[in-house]
Amino acid sequence: MNDLANKARGISSLRDFLELLEGEGQAITWSERVLPEPDLRNVAVAASRDANGAPAILFDNIAGYPGKRTVVGVHGSWDNIALLLGRPKGTTIRELFFEIAGRWGDAEAQISYVPEGQAPVHECRVESGINLYDILPVYRINEYDGGFFMGKASVASRDPEDPDNFGKQNVGIYRLQVQGPDSFSLMTIPSHDMGRQIMAAERNGLPLKIAVMLGNHPGLAVFAATPIGYEESEYAYASAMMGAPIRLTKSGNGVDILADSEIVIEAEMQLGERVLEGPFGEFPGSYSGVRKAPIFKVTAVSHRRDPIFENIYIGRGWTEHDTLIGLHTSAPIYAQLRKDFPEVTAVNALYQHGLTGIISVKNRMAGFAKTVALRALSTPHGVMYLKNLIMVDADVDPFDLNQVMWALSTRTRADDIIVLPNMPAVPIDPSAVVPGKGHRLIIDATSYLRPDPIGEAHLVSPPTGPDIDALSKAIRLLQQGVAK
Amino acid sequence: MSETLCPRCSSTGAIEDYQGREDNIVVWTIYRCVTCCFSWRDSEPASTIGAGVRSADFAVDAGNLDRYPKILQQ
Ligand SMILES: [Zn+2]
């Protein structure tokens, strides 16, 4: 195993990862004084312009928040994702995709428990006189957001109907809006695990206690956002995918949490109560509406000494949200399709959480790609998210948009398009007919096979393969002034 | 009741939630509207908190809060 892979497996906290990133030139400290608004947003947006190489940015001089620190862009570039996966900067998106797809389902989870008294997250504890603004240097992420949001919080909860079941414990990323010194609202939908748990608690009058983890092991944010089965533990899954141990401890209110997180907020839902939430600039690049959302009362906060508040810029792409979840949106669709159709060779669902996806497939017969597309729409993520699908042949790299455009230009006939009207849609898709209902589009850009009478043109066969990939990298290195 | 006007719904009665201080001098103050739940910092740009400057598209109608849907209804 090489040095970078060993380093990646040695990460157990946000601090470890920031140190690794800094050593590779992928984390910087912004010490010039900034205003919470609009400066933090402006710097984060400027960094997002470089999807390949943007560094994480740690702010340690924020007006009105002396001594407090916040970091954005931890997962904000492909180079940072590469380092998290133990691969060098400059690794292509296609290589990162196959790195993740190759880890799918074959590794063992390594979970260990740290006594509460020894867990770094419990170094400092606030149980009375709680004011979240004392601890979190929050700021308005987009100018018309309804308040100050925690945009990168991993929320852990136990199933209110089966609180002793480790597997039914849920960890997910939900947006949280600060609603006063010791309260916040949580936005979710009924089909998400947290939505199910809230509805079950309210139906049965059961308490719902949660722990909000901020500034976490960088593997968790990636994998907690991945749709997996309800009874699979996100902790076990993150550990398996990282090939590294994960240290847990207990929160003061009995929830399993990461022992090395920067900040953990313990809270209890106020049964049946709702407060106005939003708008919030969301991943399609548009604002959500204002809705009445459940409210949680903070009961305690634990944090490390000198904690780092981790946040994200999300809005009109490209943003950290896209690099954070893009590959882990693509990999499960690939794995699920391959079970039935081994002809599928890659899935690119990087765009707006998979609202547009590109799938490459070896056509078994004329029209076969359309069959695969319909199967993709019935995968767990596809049901709601895969709105526009472009099907290409296996000789087209779906991660290379120049090649995808070539396939669209030369292999698509207007009657190779399918529109499926009035299908389920993500409620925040602004193009929906009504929120939650919209049309799906399949473009078959694969080549013609018999019995299609048109036939394929005689193609030029430029050299491809690992030798050419290596030459591309050699050219880039020479261009950067690095000897081969 | 404070006389501070909410930039989003124009109600009065906003609560002061926090003061950012440096060397014990107040740098900014965070307010919260009890009617529409909007939170703001008084140091923010006028495009966010300025009456008449904020986009009307993002106003909340304090007289008709029933129009905002409740999520997770049984
Ligand atoms: Zn208001």
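Colleague: Which residue lies over the face of Phe148(A), and at what distance from the ring centre?

Modeller: That residue is Arg140(A), at 5.1 Å from the ring centre. Keep in mind that this is a predicted model. Chain B offers another case: the charged end of Arg41(B) sits over the ring of Trp28(B), 4.3 Å from its centre. Phe148(A) and Trp28(B) also belong to a cluster linked by ring pairs, together with Tyr65(A), Tyr133(A) and Tyr18(B).

Colleague: How many aromatic pairs are there over all chains?

Modeller: The whole structure holds 20 of them. A pair of aromatic rings is described by the distance of the centres and the angle of the planes. Take Phe184(A) and Phe296(A): they are stacked, with 5.6 Å centre to centre and 5° between the planes. Phe184(A) is in strand β10 and Phe296(A) in strand β15, 112 residues apart.

Colleague: Are those two buried or exposed?

Modeller: Phe184(A) counts as buried because its relative accessibility is 0%, and Phe296(A) is buried, also with a relative accessible area of 0%.

Colleague: Why is the pair of Tyr287(A) and Phe58(B) called edge-to-face?

Modeller: Their planes stand at 70°, so the pair is edge-to-face, with the ring centres 4.8 Å apart. Tyr287(A) lies in a loop of chain A and Phe58(B) in a segment of chain B, so this pair joins two chains.

Colleague: And which residues coordinate the zinc ion?

Modeller: Cys6(B), Cys9(B), Cys33(B) and Cys36(B) do so through their SG atoms, at 2.3 to 2.4 Å. Ideal angles for four tetrahedral donors are 109.5 degrees. Here the angles are 103 to 115°, and the site is tetrahedral.

Technical notes: Residues are numbered from 1 along each chain as its sequence is written. Chains are lettered from A and ligands numbered from 1 in the order in which they are written. This is a predicted model: local features need pLDDT of at least 70, side-chain atom pairs count only at pLDDT 80 or more; totals for chains, interfaces and linings use all residues. Side-chain values use heavy atoms; hydrogens and water are left out. Donors are N, O and S atoms within 2.8 Å of the metal (3.2 Å for Na, K and Ca); water is not among the atoms, so sites may look incomplete. Four donors count as tetrahedral if all angles lie between 85 and 135 degrees; four count as square planar and six as octahedral if opposite donors are over 155 degrees apart and all others between 65 and 115; anything else is irregular. Rings of Phe, Tyr and Trp (its six-membered ring) pair if their centres lie within 6.5 Å; planes under 30 degrees apart count as stacked, over 60 as edge-to-face and the rest as tilted. Helices (H or I, at least four residues) and strands (E, at least two) are DSSP runs, numbered from the N terminus. Buried means under 20% relative accessible area, exposed over 50%, partly exposed in between (1.4 Å probe, protein chains only). A charge sits over a ring if NZ of Lys or CZ of Arg is within 6 Å of the ring centre and within 35 degrees of the ring normal.
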